[in-house]
Amino acid sequence: MDSSERYLHAAVAASAVVIREYSTSFSLAARLMPRRVRDHITSIYGLVRVADEVVDGACPTDPRAHLDELERTVERAMADGFSANLVVHAFAATARATGFGTELTRPFFASMRADLTPAPHTADSLAAYIHGSAEVVGLMCLRAYLVGVAEADYDRLAPDALRLGSAFQKANFLRDLTDDELRLGRAYLPELTQRAFDDALDDAAADLAAGRAGIARLPQDVQRGVRVAADLYAELLRRLRAAGLDGARSGRVRVPTPAKIRVVARSVRGD
């Protein structure tokens, strides 16, 4: 292993630590991916998580300046293939290997920036936010799934990736109502009524169903990992529906680790 390979290995390992710390669901799904894809998915979600934390309170001073610097660092690394920031280095290596660029990263950072100045969303602004914060991440992952296998299928499969990314983000909105509303001053629902909550659940479930239908069209070796992620979000939506708006606002609705293990086992068996 030469010095550049060793550095990339360390960079991917750093991203893996990040996602294990913040998301057991994505950590589990990533570990079920084939080796040719696993490091790319880990690197994508590592960078996404770092950007999320910059805008969600981990940065104590001037998060906008730090987010702007992070975006500049990402673009520089995608251009020249190196960053002293390990998480950025891993992400840039994935971008270069799989063929995506600023057409996906710039909408992502624009949505992250929108979270720094919370304001009521219109239907159009919410759609743009979901595209940048989640749908483009689905497209990044799709690039990773197809590299070296079936790159020509990207345009055919992209709509399914967009729907899965949208479903995951809409479920996150409902899961995080209390934290978003009280701590961060953000509102992603048009109004906090049971009807609006139910409508948002139905919308997320429709996206998830449409996206899940496309999993069978992915390369066979990645289907299990994507299906696990989708099944974990289906379980989250089920629990949110059972809790209702009052339950969701009283505390973050989660899928406990033992339940996640059961969902993963069922999903792997194909139940």
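A polar contact is a pair of N or O atoms within 3.5 Å, where, within protein, one atom must be able to donate a hydrogen and the other to accept it. The views below are all taken from a predicted model.

**View 1. Surroundings of Ser 83, in the loop between α4 (63-80) and α5 (86-98).** The side chain of Ser 83 reaches the backbone nitrogen of Asn 85 at 3.0 Å, which falls within the 3.5 Å limit for a polar contact. Ser 83 has a relative accessible area of 6% and is therefore buried, the limit for that class being under 20%. When residues up to four places away in sequence are not counted, Ser 83 touches Tyr 7, Thr 73, Ala 77, Val 88 and His 89.

**View 2. The largest nonpolar core, with 76 residues.** Within this core, the residues that touch the most other members are Ile 41, Leu 47, Phe 108, Leu 142, Tyr 145 and Leu 240. Helix α7 (residues 123-146) supplies the largest share of the core, namely 12 residues. Once its neighbours within four places in sequence are left aside, Leu 142 is in contact with Tyr 154, Leu 157, Ala 158, Ala 161 and Leu 218. A second core, separate from this one, consists of five residues, among them Leu 32, Leu 232, Val 263 and Val 264.

**View 3. The crossing of helix α2 (residues 24-31) and helix α3 (residues 35-56).** The axes of the two helices come within 9 Å and cross at roughly 160°; because angles over 145 degrees count as roughly antiparallel, α2 is described as roughly antiparallel to α3. The crossing in which α2 passes α3 is right-handed. On the α2 side the contact is made by Phe 26, Ala 30 and Arg 31, and on the α3 side by Arg 38, Ile 41, Thr 42 and Tyr 45.

**View 4. Ala 14 in helix α1 (residues 3-22).** The C-alpha atoms of Ala 14 and Leu 86 are separated by 6.6 Å, although these residues are 72 residues apart along the chain. With a relative accessible area of 21%, Ala 14 is partly exposed.

**View 5. Backbone of Asp 62, in the loop between α3 and α4.** Phi of Asp 62 is near 50°, a positive value in a residue other than glycine. Most residues other than glycine have a negative phi. Asp 62 counts as partly exposed because its relative accessibility is 48%, and the exposed class is reserved for values over 50%.

Key: Residues are numbered from 1 along each chain as its sequence is written. This is a predicted model: local features need pLDDT of at least 70, side-chain atom pairs count only at pLDDT 80 or more; totals for chains, interfaces and linings use all residues. Side-chain values use heavy atoms; hydrogens and water are left out. Helices (H or I, at least four residues) and strands (E, at least two) are DSSP runs, numbered from the N terminus. Buried means under 20% relative accessible area, exposed over 50%, partly exposed in between (1.4 Å probe, protein chains only). Contact means heavy atoms within 4.5 Å. A nonpolar core is a set of buried Ala, Val, Leu, Ile, Met, Phe, Trp, Tyr and Cys residues joined through side-chain atoms within 4.5 Å. Axes are lines fitted to C-alpha atoms, for helices over the stretch in contact, and angles run from 0 to 180 degrees between N-to-C directions. Angles under 35 degrees count as roughly parallel, over 145 as roughly antiparallel, 65 to 115 as roughly perpendicular and the rest as oblique. A crossing is left-handed if the near helix is turned anticlockwise from the far one by less than a right angle, and right-handed if clockwise.
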